[in-house]
Amino acid sequence: MAIFAGNRKFRTLALAFTLTAFIGVNAGHLVQAQNPSAAQQPVAPVLQPGDVELTKSVAMIFVGATGLGHEHGVEGHLAAGHISFGAAQNAGVLVFDMKSFAAETTLARQYVGLAGEIDRATADAVTKNMHSEGVLNVAKFPQAKFEITSALPRAAAQPGQPQEFVLDGQFTLRGVTQPLRVLAVVEPVQGWSHVRGGFTILQTKYGITPFSKALGAVGVADELKIWGDFWVR
């Protein structure tokens, strides 16, 4: 994602549960999921089983740095979502509202492990560049989509432990579709399924040239780490 960049070692987070990290599957790699403080249990569910509660569900992105650039945290939301856990086909879809993605929010920076706050003017400039034609091009591609082919248990559930599911499907970003696998942890909470999982992608696989300047002395990494923290009815 061609936005500002910097030097700082990304620290692995493992706050709420254990996942198998960085298992490569075609264009996707599994990453450890997080447990953000802002993802609170929804109130008064008015959804069909399998529907995602959009107001409490978030997606987070860690943008790494190259050279002398800066790392970034990005927060975004879903336009629609449905997951049928246990389904071997037509298991659902997650539609990401790309215009909602904003850089350097407090939640995003905390979630991906970045210290401190970024001033609003800088954050707005990063977001504007991220939305631009050369990067996400949200004017032309306002949505990204994960079409889930299957959502099957990874192994038998253990007493008192969340269930892990493997979500296989196709991820479309900026008009480019690649196969994707996500390892998700699903925990029942008072009528909801709290779903957390993550994966990595390479920007270049989706037609994005990672930002760089000063002959490459300042830039962002090709790899993006992406997490979802969703509440499903």
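## Exercises on salt bridges and backbone angles

In this predicted model, the side chains of Arg120 and Asp124 meet in a salt bridge, with 3.1 Å from N to O.

**Exercise 1.** Work out how far apart Arg120 and Asp124 lie in helix H2, and decide whether each is buried, partly exposed or exposed.

*Solution.* Begin with the general idea that side chains of opposite charge can pair when their charged atoms come close. Next, look at the positions: Arg120 and Asp124 are four residues apart in helix H2, which means that about one helical turn separates them. Finally, turn to the accessibility, where partly exposed covers the range between 20% and 50%. Arg120 has a relative accessible area of 46% and is therefore partly exposed, and Asp124, with 43%, is partly exposed as well.

**Exercise 2.** Describe the salt bridge between Glu164 and Arg154, including where each residue sits in the chain.

*Solution.* The first step is the distance, and here the closest N and O atoms of Glu164 and Arg154 are 2.7 Å apart. The second step is the location: Glu164 belongs to strand S7 (residues 163–173), while Arg154 lies in the loop between S6 and S7, so that the pair, 10 residues apart, links distant parts of the chain. The third step is the accessibility, which is 18% for Glu164, a buried residue, and 40% for Arg154, a partly exposed one.

**Exercise 3.** Which residue of the salt bridge between Glu223 and Lys225 is buried, and which is partly exposed?

*Solution.* The closest N and O atoms of this pair are 3.0 Å apart. Since buried means under 20% relative accessible area, Lys225 at 12% counts as buried, whereas Glu223 at 30% counts as partly exposed. The count for the model comes to six salt bridges, including this one.

**Exercise 4.** Find where Asn137 and Gln190 sit in the chain, and state the sign of phi for each.

*Solution.* As background, most residues other than glycine have a negative phi. Asn137, however, has a positive phi near 50°, and Gln190, which is not a glycine either, has a positive phi of about 50°. Asn137 is placed in the loop between helix H2 (120–131) and strand S6 (143–153), and Gln190 in the loop between strand S8 (176–189) and strand S9 (192–202). As for their surroundings, Asn137 is buried, with a relative accessible area of 10%, but Gln190 is exposed, with 70%.

Note on methods:
Residues are numbered from 1 along each chain as its sequence is written. This is a predicted model: local features need pLDDT of at least 70, side-chain atom pairs count only at pLDDT 80 or more; totals for chains, interfaces and linings use all residues. Side-chain values use heavy atoms; hydrogens and water are left out. Helices (H or I, at least four residues) and strands (E, at least two) are DSSP runs, numbered from the N terminus. Buried means under 20% relative accessible area, exposed over 50%, partly exposed in between (1.4 Å probe, protein chains only). A salt bridge is a side-chain nitrogen of Lys or Arg within 4 Å of a carboxyl oxygen of Asp or Glu.
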